[in-house]
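This report is meant for a reader who is meeting the structure for the first time. Please keep the sequence and the model in view while reading.

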Amino acid sequence: MNKQELKDRVRTAIRKQANEITALAEAIAREPELGFKEHKTAAKIQSFFQQRNIPFTTEHAITGVKGTLKGRSSRRNIAVLGEMDAVTCFDHPLANTETGAAHACGHHAQIAAMMGCGAGLAASGVMDELDGDVTLFAVPAEEYVEIEYRNRLRQEGKIRYLGGKAELIRCGAFDGIDMAMMVHLSTDGDKNRVMGIGGTSNGFVGKMIHYTGREAHAAGAPDKGINALNAAMIGLMAVNAMRETFRDEDYVRFHPIITKGGDLVNVIPAEVRLESYVRGKTVESILDANFKVNRALRGGAAAIGAEVEISDLPGYLPLVNNDRMTELFRRNAVTLLGENSTKPLGHNPGSTDMGDLSHIMPIIHPWVGGVTGVAHTRDFRVCDPEMAYIINAQCMAMTVIDLLADQAAEADELLENYQPKMTKKQYLAFMESIK
Ligand SMILES: [Zn+2]
Ligand SMILES: [Zn+2]
């Protein structure tokens, strides 16, 4: 069977399962969970695998679920990824009322697209004609959040890195995988059947900032206290005074939150905690900006006579899409949606742990339509389920066929011409150097 026939078969097979795929997405959206806590989400994914007799393993980086579709031979191994975690957005209509978790980043749609892709490849019999395996990988904790909580997991030895893919790389869950793909929902005005392809995004260092002063009666004896909140505010203002030294082309971002601002209103704050990232377009710009940020934060403590402890944590690396895979994906998008359905992307100042994977293997991370509203807000919702769940699944399955049909000639050629930015060993050494 030629590639076109294989693609037609897989498209039909995905279409036939559209109701189940959509139901999975909606079920996940109704029970959102934050990263490294996606137990109910994992259970739903496992039962979807079970219903289709797709073998899987569990508990990768705590909650990850990894299914395998065997090809005619195992010449290559392509991972199709979907992220499991939600963000906190209490005002989202489908938010968990206790935790505030909500799929305001659309990761539930990624799981649907990944599972739809796998279900179609499995049901169509196409795998018997492909020279490679497909790993269907539901991965945890893409959002780098709840830094204190995750740092505790780190201290307890449950994880080493705070992002899901970084941790999975470290655990060896990506060993033996040659390349990876996923899609991420994105709003693009009213052009919801558009796929943004290629492009780059920022990486970052994570940080916890802990100012300590001395408590005292806020009105009766402020002279006996050391105000940690004032120290923190001066530290943040000092960073703001450094911003003009950040070059536009480096896309530096520093966006702290105060997670503890004091204890009681009538007590001078003795302990103030902040979390932030320092983001940038390149590793060099991240490290340069991070140095300046840390110096400024220490300045706040020095001014007030407080103490500051800054814990830098390994974050994410900048994202690089593989050109050849991008072109294969683009052609399939054009087949499904027409000539003007793709647009090349520039640089995105956001970050994803797909950036980490992109340093050690070829990947694509297209930003796809099907959604409306601003990401991470109450307005963000899937408005075009067909696009968000089904067409994205078809486009990835067709790209898998491009890579693995004809004795995996396309995958072979791509890998022969590919030089990773880092080996896994170099990657882990870099991560360990952030402290
Ligand atoms: Zn997000
Ligand atoms: Zn996201």
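The sections below take up the metal sites, a pair of helices and one residue of a further helix.

## The model and its first zinc ion

The structure is a predicted model, and the values given here are computed from it. The zinc ion (ligand 1) is held by three protein donors, namely Cys105 through SG, Glu143 through OE and His376 through NE2, at distances of 2.0 to 2.2 Å. Along the chain, the donors of this ion follow the spacing C-x37-E-x232-H. The pair Cys105 and His376 links distant parts of the chain, since Cys105 sits in the loop between strand 5 (101–102) and helix 4 (107–123), while His376 sits in the loop between strand 20 (371–372) and strand 21 (381–382), 271 residues apart.

The two residues of this pair can also be described by their accessibility. Cys105 has a relative accessibility of 8% and therefore counts as buried, whereas His376, with a relative accessible area of 40%, is partly exposed.

## The second zinc ion and the bridge

The zinc ion (ligand 2) has as its protein donors Cys105 (SG), His107 (NE2) and His184 (NE2), which lie 2.1 to 2.3 Å from the ion. Their spacing along the chain is C-x1-H-x76-H. Here too distant parts of the chain are linked, with Cys105 in the loop between strand 5 and helix 4 and His184 in strand 8 (residues 184–185), 79 residues apart. His184 is buried, its relative accessible area being 4%.

Cys105 bridges the zinc ion (ligand 1) and the zinc ion (ligand 2), and these two ions lie 3.0 Å apart.

## Helix 2 against helix 4

Helix 2 (residues 18–30) packs with helix 4 at an angle of about 150°, and their axes are 8 Å apart. Because angles over 145 degrees count as roughly antiparallel, helix 2 is roughly antiparallel to helix 4. The crossing of helix 2 past helix 4 is right-handed.

On the side of helix 2, Ile21, Leu24, Ala25, Ile28 and Ala29 take part in the contact, meeting His108, Ile111, Ala112, Met115 and Gly116 of helix 4. The residues of this contact divide into 8 nonpolar and 2 polar, with no charged ones.

## Ile401 in helix 11

Ile401 belongs to helix 11 (residues 385–416) and is buried, with a relative accessible area of 0%. Apart from neighbours within four places in sequence, Ile401 is in contact with Lys3, Leu6, Lys7, Val10, Leu121, Val126 and Leu130. Pro318 lies 83 residues from Ile401 in sequence and, from C-alpha to C-alpha, 28 Å from Ile401 in space.

Notes
Residues are numbered from 1 along each chain as its sequence is written. Chains are lettered from A and ligands numbered from 1 in the order in which they are written. This is a predicted model: local features need pLDDT of at least 70, side-chain atom pairs count only at pLDDT 80 or more; totals for chains, interfaces and linings use all residues. Side-chain values use heavy atoms; hydrogens and water are left out. Donors are N, O and S atoms within 2.8 Å of the metal (3.2 Å for Na, K and Ca); water is not among the atoms, so sites may look incomplete. Helices (H or I, at least four residues) and strands (E, at least two) are DSSP runs, numbered from the N terminus. Buried means under 20% relative accessible area, exposed over 50%, partly exposed in between (1.4 Å probe, protein chains only). Axes are lines fitted to C-alpha atoms, for helices over the stretch in contact, and angles run from 0 to 180 degrees between N-to-C directions. Angles under 35 degrees count as roughly parallel, over 145 as roughly antiparallel, 65 to 115 as roughly perpendicular and the rest as oblique. A crossing is left-handed if the near helix is turned anticlockwise from the far one by less than a right angle, and right-handed if clockwise. Contact means heavy atoms within 4.5 Å. Ala, Val, Leu, Ile, Met, Phe, Trp, Tyr, Cys and Pro count as nonpolar, Asp, Glu, Lys and Arg as charged, and the others, Gly among them, as polar.
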